[in-house]
Amino acid sequence: MIAAQAKLVYHLNKYYNEKCQARKAAIAKTIREVCKVVSDVLKEGEVQEPRFISSLNEMDNRYEGLEVISPTEFEVVLYLNQMGVFNFVDDGSLPGCAVLKLSDGRKRSMSLWVEFITASGYLSARKIRSRFQTLVAQAVDKCSYRDVVKMVADTSEVKLRIRDRYVVQITPAFKCTGIWPRSAAHWPLPHIPWPGPNRVAEVKAEGFNLLSKECHSLAGKQSSAESDAWVLQFAEAENRLQMGGCRKKCLSILKTLRDRHLELPGQPLNNYHMKTLVSYECEKHPRESDWDESCLGDRLNGILLQLISCLQCRRCPHYFLPNLDLFQGKPHSALENAAKQTWRLAREILTNPKSLEKL
């Protein structure tokens, strides 16, 4: 049994060193290329509208606010200034979302975003996005990369297509530090020793982002609440949770397997599903020794089986907001197909680790 485990770990490490590192290097090269274009567009936009200041900065070889959705799809979060005159309200009526309401007694005119505040005192995410979309469209026409970049039409999101190969979504956002949403108040679960009080304090201090983007959980609820609502995002908190042991390596292998074998019609699976399942696996295996390099095969196997279970149940709860289903809106046939493909993949890896050389 131990020999079989060791064999699997050996082949997974080989896969990581060859395939995952090659994927990382290729994506890093793409990110540099894409960020040159995006920075140029944002700088052009800034000239016309100084409230939308580019926050796309490179630090320690990574860009703050940039998320890789797939090797050809990226999201850049543009952090906006001055949220201070608003109260953050998440009462659970909008799963995965919250609203920003003028604080009592605060005057509209005290806000930098005065014209985007509705009559009832909410800061409208959609109005801000609409203004930003117009601005980016103008900037695209004027920037020095105008020959290789164009706006993606038919969406209220701000999306750029670059060199006909890559899509980058630019999302206006507010960074919320030092507060924690009520809808995530159940975390961490009291009976689970992971991640420990110090890490919990770090994660909660890291806070979360409020994004102006279409929220799938509100699709079809054409209410004013939907257009005012901001989407909760916990990217930095999740990254912090997944430090240490073989967690990052495990996630990298999952992303590589997804890119190569689970990029399927209907797009049922993305990198974020993988990241979410790694967090759940950390809860199931709370001891640091469970994430020793020698356990890499067990952890990967556990996550793939959990993924199959989620796909078969057609439900994948968000890690911090379990009322939010990450499979919402995905076609059932696509989820079924993904379950079959994932099962094939898991069986192949488990019964014949050497097959990783071809995967």
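User: I'm new to this. Among contacts between residues at least 6 apart in sequence, what share joins residues at least 24 apart?

Analyst: For this protein, that share is 69%. Keep in mind that this is a predicted model.

User: Okay. How many helices and strands does the protein have?

Analyst: There are 9 helices and 11 strands.

User: And how do I read the radius of gyration of the protein?

Analyst: Set the value beside the one for a compact globule. With 359 residues, such a globule would come out near 21 Å, and the protein has 21 Å, so the two agree. If you'd like a box around the C-alpha atoms, it is roughly 70 × 50 × 40 Å along the principal axes.

User: How much of the protein counts as buried?

Analyst: Buried residues make up 51% of the 359. The accessible surface comes to about 16,900 Å², and carbon and sulfur atoms own 51% of that.

User: Let's zoom in on a strand. Which way do the side chains of S5 point?

Analyst: Here's the general idea first: in a regular strand, side chains alternate between the two faces of the sheet. Now look at S5, residues 86-89: Phe86 and Phe88 point to one face and are buried, while Asn87 and Val89 point to the other and are not.

User: Which strand is S5 joined to by 4 bridges?

Analyst: That's S6, residues 97-102, and the two run antiparallel. To spot the pairing, find Phe88 and look across to Leu100, its bridge partner in S6.

User: What about Asp90, is it buried or exposed?

Analyst: The cut-off for buried is under 20% relative accessible area. Asp90 has 6%, so it counts as buried. You'll find Asp90 in the loop between S5 and S6. Leaving out residues up to four places away in sequence, Asp90 touches Cys97, Ala98, Pro181, Arg182 and Ser183.

User: Which residues does Phe208 touch?

Analyst: Phe208 lies in strand S10, residues 208-211. Not counting residues up to four places away in sequence, its contacts include Phe88, Phe174, Trp180, Leu232 and Phe234. So you meet Phe88 again, the residue that is buried on one face of S5. Phe208 counts as buried because its relative accessibility is 2%.

User: Where can I see a hairpin?

Analyst: Go to S3 and S4, which form one with 2 residues between them. S3 covers residues 66-70 and S4 covers 73-79, and they pair in the antiparallel sense over 4 bridges. Try finding Glu67, whose bridge partner in S4 is Glu75.

User: Now the backbone angles. Which peptide bonds are cis?

Analyst: As a rule, most peptide bonds are trans, and most residues other than glycine have a negative phi. Here, a cis bond joins Trp187 and Pro188, with omega about 0°. Another cis bond runs from Trp194 to Pro195, with omega near 5°. Pro188 is in the loop between strand S9 (166-176) and helix H3 (197-206), and Pro195 lies in the loop between S9 and H3 too.

User: And which residues other than glycine have a positive phi?

Analyst: Asp154 is one of them, with a phi of about 60°. Asp164 is another, with phi near 55°. Asp154 lies in the loop between S7 and S8, and Asp164 in the loop between S8 and S9.

User: Why do Asp154 and Asp164 count as exposed?

Analyst: The cut-off for exposed is over 50%. Asp154 counts as exposed because its relative accessibility is 85%. Asp164 is exposed too, with a relative accessible area of 57%.

How values were computed
Residues are numbered from 1 along each chain as its sequence is written. This is a predicted model: local features need pLDDT of at least 70, side-chain atom pairs count only at pLDDT 80 or more; totals for chains, interfaces and linings use all residues. Side-chain values use heavy atoms; hydrogens and water are left out. The radius of gyration is taken over C-alpha atoms; the globule rule is 2.2 Å times the number of residues to the power 0.38. Buried means under 20% relative accessible area, exposed over 50%, partly exposed in between (1.4 Å probe, protein chains only). Contact means heavy atoms within 4.5 Å. Accessible areas come from the Shrake-Rupley method with a 1.4 Å probe; for residues, only the protein chains shown count as cover. Two strands pair if DSSP finds at least two bridges between them.
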